[in-house]
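Dear colleague,

Please find the structure below, together with its sequence. A description of what was found in it follows.

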Amino acid sequence: MKLFVFRNATLEPFFPRGATEFSGYGDVSRVPENAEKFRWFYTLPPDVSPQEAKTLTTDFLQKLNLVLAQIPAGKTLELTRLALPQSAPIVLSDTRMRSAVAAYNAALEKIARERENTQMLDAPTACVDWRMWFLAQMPFAPAKKSPPNAPVAVPAVRKKCLVLDCDDTLWGGTLGEDGFSGIKIGGDFPGNAFAYFQKKCVGLAESGIILAVCSKNNEGDVREVFEKHPAMVLRREHISAWRVNWCDKAENLREIAAELNIGLDSLVFVDNEPRERERVAAAFGGQVATPEFPAHAYELPAFFEKLADDFFRTEKLTREDAAKTQQYRDAAARTEAAAHFTSLSNYIASLEICLRVAPADAFSLPRLAQLTQKTNQFNLATRRRTEAELRDFLAGGNAVFSLSAADKIGDLGIVGEAEIAFSEDKKSAKIENFLMSCRALGRGIETAFAQKLLCALRERGIETVFAEYLPTAKNAPCKDFLPSFGFVRENTKETRFRLDLQTCGKLEISTAYKFLSHE
Amino acid sequence: MNNDISVRLDTVFKSTLALDNVPAGLSQKNCEAWDSVNHLNLILALEAEFGVSFEPEEIAAMQDLDTVKKLLAAKL
């Protein structure tokens, strides 16, 4: 291997195939000795918010320090500068993003000065292709050159309130038809594009813009989504006025303006339905702004930038804006770890990783089936399942578990899946599938997940656990996983392993992981 | 699909997937090299070669040569 790239996003298309190897996403647990050269190539996700920038760049540097300690001094290391995200902040005087990026690049330069055989590489200038970001976590597209820096537009008069429709605007699909677990929000495309839009709306709220919801739906259903849906970014506390009913939207907007004590000309109404927009535009003679909504979810980032340029960007915050902003910041305050870590385990402990193991339900089944289809690297048996197959498996008295993970940097969602089949006498169990998404590797989460499962099986009175490691072209990373728990091969040629739960001793789960209980 | 386009399409497949020839019925299921990374490379190469842009739903559906041909032809 010539070059090994440490990365946190999809970069493969930018390198020739064959000569380059890549770390897992954000994974610094492996520094291969046979690499001739190393490259540090971390990028900010294009949807990063100003307050996340500092947390993320601090985390990048902590990871880099762990790597630095392990790369032999004689080997070449290339450090790639970080680019500023292309979207301007809502409040132009907000320099948090710029300073976080500048501080990170300065830290890289310091390393380059002090370490032999170290070179700086310029930040990529290509621009983001949102389609490829939402589909494949690709932070920029090879063919797209960044446009020349145009001056950022600030509207002559800043609007005060953004009124949002729900179905196909804040999430994909129709709540009344698709149901709580059927709407598309978070996870893969298009849900991640709607989550992006919501995140930008939260950013507006934090810059003093009032958010309101106006939707033709059952109010209870919509409130349940805002309160309980795990993937929602917008929450009840962000919304200052609600009109969820089956009444005329123009009438609802009039009431919202009255309730908030602002003029109709302070409202911007965002709704994917052209008829609703036309109705509102006509009712108020164009006083309420009704921007056209994009046809494709991956166009939401461009739509949001236009929305910000036309109505919401500002040079500075007014005093009232700032007061409101402070409330949100207090509510969302995150502690910043500034320490440098010398060991991976200390670093992992500092991440405050929270894990949740839960039996599969209607909400998680589609994601779990998808994980079995897509996961290649950390997948013991690589049994591909459809949602229907998982349902059949459950109906046969077996168990399917999901593992969700979050840390102080953010929520990873469902990243692990395990399928357990029980013997008739309930004395033994077989792990049919056990996998972990590559997004979550390198933090020891897969080990904690397995330990938790084995403990739970023992508590259920299971005496023997069987599992298989079926080698594929891609799943070498989990080759030694089963033996690490004391599983032994049934005989030397077999792919089948067994573990005697009664004699295997204590299964200790590291205190670095906090398990949240489920109902 | 005319001959010129077929030839260009073949070239894209050959160079992206490192194949000597492009057999009829080629699909993600029967081609080891057509993995998720190369799928992305393939889409990017097709878009650059033909100056087209695929919708996310199309990208997900393009799991075999015939579907790729059909979706590409509709854009040319």
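**Two helices of chain A**

In this predicted model, helix α7 (residues 249–260) of chain A and helix α8 (residues 274–283) of chain A have axes that come within 9 Å and cross at roughly 60 degrees. This angle makes α7(A) oblique to α8(A). The crossing in which α7(A) passes α8(A) is right-handed. From α7(A), the residues Lys249(A), Ala250(A) and Leu253(A) take part, and they meet Glu276(A), Arg279(A), Val280(A) and Ala283(A) of α8(A). Sorted by class, this contact of α7(A) with α8(A) holds four nonpolar and three charged residues, and no polar ones.

**Two sheets of chain A**

Some background may help here: the strands of a sheet pair through backbone hydrogen bonds, and they do so either parallel or antiparallel.

One open sheet of chain A has four strands in the order β8-β7-β6-β9, and its pairing is parallel. At the edges stand β8 (239–244) and β9 (267–270) of chain A; each has a single partner strand, so one side of each is left without a neighbour in the sheet. On average, and with direction ignored, neighbouring strands of this sheet are turned by 20 degrees against each other. Five bridges link strand β7 (residues 210–215) of chain A with β8(A), in the parallel sense. As an example of the residues involved, Ser215(A) has Val244(A) in β8(A) as its bridge partner.

Another open sheet of chain A is made of five strands, ordered β2-β1-β3-β4-β5, again with parallel pairing. Its edges are β2 (20–22) and β5 of chain A, which have a single partner strand each, so that one side of each is left without a neighbour in the sheet. From one strand to the next, the twist averages 20 degrees. Strand β4 (residues 76–80) of chain A runs parallel to β5(A) and is joined to β5(A) by four bridges. Opposite Glu78(A) stands Gln119(A), a residue of β5(A). Helix α2(A) lies across β4 and β5 of chain A, and runs at about 150 degrees to β5(A).

**Two backbone details**

Most residues other than glycine have a negative phi, and most peptide bonds are trans. Against this background, two places in chain A deserve your attention. Asn117(A) is not a glycine, yet has a positive phi of about 55 degrees. This residue, Asn117(A), is found in the loop between α2 (96–114) and β5 (118–121) of chain A. The other place is the peptide bond between Phe189(A) and Pro190(A), which is cis, with an omega of about 0 degrees. Pro190(A) belongs to the loop between α4 (175–178) and α5 (191–206) of chain A.

**Chain B and its contact with chain A**

Chain B contains four helices and zero strands, so its elements, read from the N terminus on, run α-α-α-α. Its radius of gyration is 11 Å, close to the 11 Å that the globule rule gives for 76 residues, so chain B is as compact as a globular protein of that length. Along the principal axes, the C-alpha atoms of chain B fill a box of roughly 30 × 25 × 20 Å.

How many residues does each chain bring to the contact? Chain A brings eleven residues and chain B brings nine. On the side of chain B that touches chain A, α2 (36–50) and α3 (56–61) of chain B each supply at least two residues. The most come from α2(B), which gives five residues. By class, the residues on this side of chain B are six nonpolar, one polar and two charged.

With kind regards

Key. Residues numbered from 1 in each chain as written. Chains lettered and ligands numbered in written order. Predicted model: local features only at pLDDT ≥ 70, side-chain atom pairs only at ≥ 80, totals over all residues. Contact = placed C-beta atoms within 7 Å. Nonpolar A, V, L, I, M, F, W, Y, C, P; charged D, E, K, R; others polar. Pairing = 2+ DSSP bridges. Axes fitted to C-alpha atoms, helices over the stretch in contact; angles between N-to-C directions. Parallel < 35°, antiparallel > 145°, perpendicular 65-115°, else oblique. Left-handed = near helix turned anticlockwise from the far one by under 90°. Rg over C-alpha atoms; globule rule 2.2 N^0.38 Å.
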